[in-house]
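These are my notes from going through the chains, their contacts and the DNA strands. I kept each entry to what I looked up and what came out.

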4 protein chains.
Amino acid sequence: MTPPDDANLGPSQQARREAILAAALELFDERGFHGSAVPAIAERAGVGAGTLYRNFASKEELVNVLFRQWKLRFAEPLLSSWPTPVSPRQRMASLWRYFCEFAREHPRALGFLELHYHGDYLDAQSVALRDSLHRQFIDLVAQLQADQVVRADVEADVIIAIVEGVFLRLHAELRHGHDWPPEQIEKRLGQAERCVWEAIRP
Amino acid sequence: MTPPDDANLGPSQQARREAILAAALELFDERGFHGSAVPAIAERAGVGAGTLYRNFASKEELVNVLFRQWKLRFAEPLLSSWPTPVSPRQRMASLWRYFCEFAREHPRALGFLELHYHGDYLDAQSVALRDSLHRQFIDLVAQLQADQVVRADVEADVIIAIVEGVFLRLHAELRHGHDWPPEQIEKRLGQAERCVWEAIRP
Amino acid sequence: MTPPDDANLGPSQQARREAILAAALELFDERGFHGSAVPAIAERAGVGAGTLYRNFASKEELVNVLFRQWKLRFAEPLLSSWPTPVSPRQRMASLWRYFCEFAREHPRALGFLELHYHGDYLDAQSVALRDSLHRQFIDLVAQLQADQVVRADVEADVIIAIVEGVFLRLHAELRHGHDWPPEQIEKRLGQAERCVWEAIRP
Amino acid sequence: MTPPDDANLGPSQQARREAILAAALELFDERGFHGSAVPAIAERAGVGAGTLYRNFASKEELVNVLFRQWKLRFAEPLLSSWPTPVSPRQRMASLWRYFCEFAREHPRALGFLELHYHGDYLDAQSVALRDSLHRQFIDLVAQLQADQVVRADVEADVIIAIVEGVFLRLHAELRHGHDWPPEQIEKRLGQAERCVWEAIRP
DNA sequence: CATGAATGAGTTTTCATTCAT
DNA sequence: TATGAATGAAAACTCATTCAT
């Protein structure tokens, strides 16, 4: 009986890989890709530098795996699970709630995904994934517009830019700017949600 | 008549400094701070690497001077010149117009200012400037709220996050995502402005 | 009947050792000592890297064992078995035939032995063996000169350099240079043999 | 007036490049390509490691430049200057003399050129040069055969293998094997020359 | 025992900074 | 004063060797 940990890697091997990914996420979020040295990532992961190269062919591959992993982890729930039909207003609220929960649970991940100097090192597969997800979001929003869930007199990509832009900006603000108590954070997130709703309501 | 050669800085010396700043802006925007090599900046500026060090004590100083320069250049018009009182709606429109014009004229500058991995290398002076400007914006928005120009039931920083977040997100989208014709860009910017107005109107 | 499992070394253990030596010979011949990685040798031998270290204390020991093994395997027949006295010409012919056969059967071995950057890593024992064999060849040739089998008006080491030099050069040429059909190779080897005979005949 | 040193590099720059090439020749000859670390080459050349990369794109480029430089320096006199027609015997003698002189003046160069694990890192240009020179030698020997300067009943490449094989083997022997006094070396080289003549005379 | 993942010293290469020209 | 070649510290990456499984 092999331990049921994962695919076919021993448990500690899988754990190491996870530790490297987690450490890389932290450092890339803190200092960007070019500002994060491989030995620093390895050290934070608690492994030797050589181990990192046993798990990822290069620093580039590491950042790409990380990018795709988090891009999917963030996008999939949004694209798949929209269970029972609810009112437009509720839909907006639940979307926003998802954003907030994701940001609370993985604050690093959003920071990392929104680094806009991915330009450099993303490989074809990552770019393809990003584009594909983007198209799926566009389609989803177009559908919402057709269903009169959101206003139909602006382009779908503008709708997306509004929701994402406000949320991410506020998230960055709240993370880096100040050390606000949770209730202040909640208050602002709620206020922003109401404003965004006004921006995109049908 | 500009003094020909010996005022405070010889004119070509001033020109060199500008060239360096311009080149640095381009490269930092394209590849981030850590991804841009000093010799590459010097080469793009058309000067020797040594010359860069005659004008800036270090790569860090260069990025800080650049940061403060553009932060001010972007913020000052917003904070100072609000000429004749106009209707709230017009105020929003003219603010948005300023954003669009600034972005059109200095697309690199917004990209550079919004790199969120400044975290690293910004010095005390830059951080102080950023915070001071932020506070001034907060005050300005608070005044607008008192004047019933924008809605007063959300925090001032949320208002700022909404306007900046939407604009910057859309700007990034339009710059990097696609190669849209100008009229498509204009259309989207106009749509976004109307939505943002709905979000923050009193 | 070979002892099944517990003689001195279990049979599969002996086989492993041989596989490692064979793989090392191939790789050292192909890429030299410093160009061949231990894990690559282990992989080609079909064993784990750890197993290699159970059989050889280090990469250096491995190369030294290999060197001495092939040096002896090549030299011993030459030094021992010179059966019935034959004519000088036949002696040359049979020597050359031995070279050709050895080269055909173990083309890697000659390549490996003639790497001249053994300089580095050969240990005292290997150097001693090489020198000892060299002296024995000198003595053998001196005897042949005394017996008027080869010309006596040149130093013995010159005779050796002639025979070995021509054969090894031609062997390298034929191995690496071209993809000649066997009969072309045979033809050239035969021609070279006749020339060498002219060079050293009494 | 710029110092007439060379092409367009300052004199000390050219000198540095030469120093690097000389140091690389020594180390590659002593320990092979894979056995020679870049910092060791730089140190022996008396320059910093970075300087090496200012002159050569990579360690590979360095070894290729070096290979082509010495290959040409060795081969060109052989292929070009065969002044007044002389007797076949004299021709052999003068060829051999050239080998001896070249070997005396540049003992490292022959050692380096004959490393047979160039296989790895030679680039297309180097391989093309080697092949081209080889073909030219073949043609030259074929002409000598037609002129009855050397025996015509063996392939031209066999003739070449004989002369080169004997000379290089003896050279290696004399360099590495012992510490013979010059007159012993001369004696052996002369003896070898006479033998080789017997091997290839018409 | 055999294994092969883990390791860190060592490799090649880059780059911020200096300094001779 | 402007330059850009030189530098060495630090980056990404490799590999001989060890050791838990």
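Entry 1, contact criterion. Before comparing interfaces I fixed the term: two residues are in contact if their C-beta atoms, placed from the backbone, lie within 7 Å. I also note that this is a predicted model.

Entry 2, chain A with chain B. I looked up which residues make this contact, and found 30 residues from chain A and 31 residues from chain B. On the chain A side, the elements that supply at least two residues each are α1, α8 (156–177) and α9 (182–200). I noted α8(A) as the source of the largest share, with 12 residues. Sorted by class, the side of chain A that touches chain B has 14 nonpolar, six polar and 10 charged residues.

Entry 3, do the copies use one surface or two? I checked how chain A and chain B meet: 97% of the interface residues of chain A are also interface residues in chain B, so the copies meet through the same surface. I then looked up the superposition of chain A on chain B, which takes a rotation of 179° with 0.1 Å of shift along its axis, at an RMSD of 0.2 Å.

Entry 4, chain D with chain C. Here I found 31 residues of chain D in contact with 31 residues of chain C. On the chain D side, two or more residues each come from α1, α8 (156–177) and α9 (182–200) of chain D. The element that gives the most is α8(D), with 12 residues. I recorded the classes for the side of chain D that touches chain C as 15 nonpolar, six polar and 10 charged.

Entry 5, symmetry of chains C and D. What operation brings chain D onto chain C? I found a rotation of 179° with 0.0 Å of shift along its axis, and the RMSD is 0.2 Å. The two copies are therefore related as by a two-fold rotation axis. The same surface serves both, since 97% of the contact residues of chain D recur in chain C.

Entry 6, pairs without contact. I looked up chain A against chain C and found that they do not touch, with their nearest C-alpha atoms 13 Å apart. Chain B and chain D do not touch either, and their nearest C-alpha atoms are 13 Å apart.

Entry 7, DNA strand E. I listed 32 residues around DNA strand E, of which Gly48(A), Gly50(A), Gly50(B), Gly48(C) and Gly50(C) come nearest. Next I asked which elements supply at least two residues of the surface near DNA strand E. From chains A and C these are α1 (11–31) and α3, and from chains B and D they are α2 (38–45) and α3. The class count for this surface is 14 nonpolar, 12 polar and six charged residues.

Entry 8, DNA strand F. I found 32 residues surrounding DNA strand F, and the closest are Gly50(A), Gly48(B), Gly50(B), Gly48(D) and Gly50(D). The elements that give two or more residues here are α2 (38–45) and α3 (49–55) in chains A and C, and α1 (11–31) and α3 (49–55) in chains B and D. By class, I noted 14 nonpolar, 12 polar and six charged residues near DNA strand F.

Entry 9, chain A overall. I counted the secondary structure of chain A as nine helices and zero strands. The C-alpha atoms of chain A fill a box of roughly 55 × 40 × 40 Å along the principal axes.

Entry 10, α4 and α7 in chain A. How do the axes of α4 (residues 59–80) and α7 (residues 124–146) of chain A cross? I found that they come within 10 Å and cross at roughly 15°. That angle makes α4(A) roughly parallel to α7(A). The crossing of α4(A) past α7(A) is left-handed. Among the residues that meet, I noted Phe67(A), Arg68(A) and Leu79(A) in α4(A), and Leu129(A), Leu133(A) and Leu140(A) in α7(A). By class, this contact has six nonpolar, four polar and three charged residues.

Entry 11, α4 and α7 in chain D. I repeated the look-up and found that the axes of α4 and α7 of chain D come within 10 Å and cross at roughly 15°. This makes α4(D) roughly parallel to α7(D). The crossing of α4(D) and α7(D) is left-handed.

Definitions and conventions
Residues numbered from 1 in each chain as written. Chains lettered and ligands numbered in written order. Predicted model: local features only at pLDDT ≥ 70, side-chain atom pairs only at ≥ 80, totals over all residues. Near = placed C-beta within 6 Å. Helix = DSSP H or I, 4+ residues; strand = E, 2+ residues; numbered from the N terminus. Nonpolar A, V, L, I, M, F, W, Y, C, P; charged D, E, K, R; others polar. Least-squares fit on C-alpha atoms with pLDDT ≥ 70 in both. Axes fitted to C-alpha atoms, helices over the stretch in contact; angles between N-to-C directions. Parallel < 35°, antiparallel > 145°, perpendicular 65-115°, else oblique. Left-handed = near helix turned anticlockwise from the far one by under 90°.
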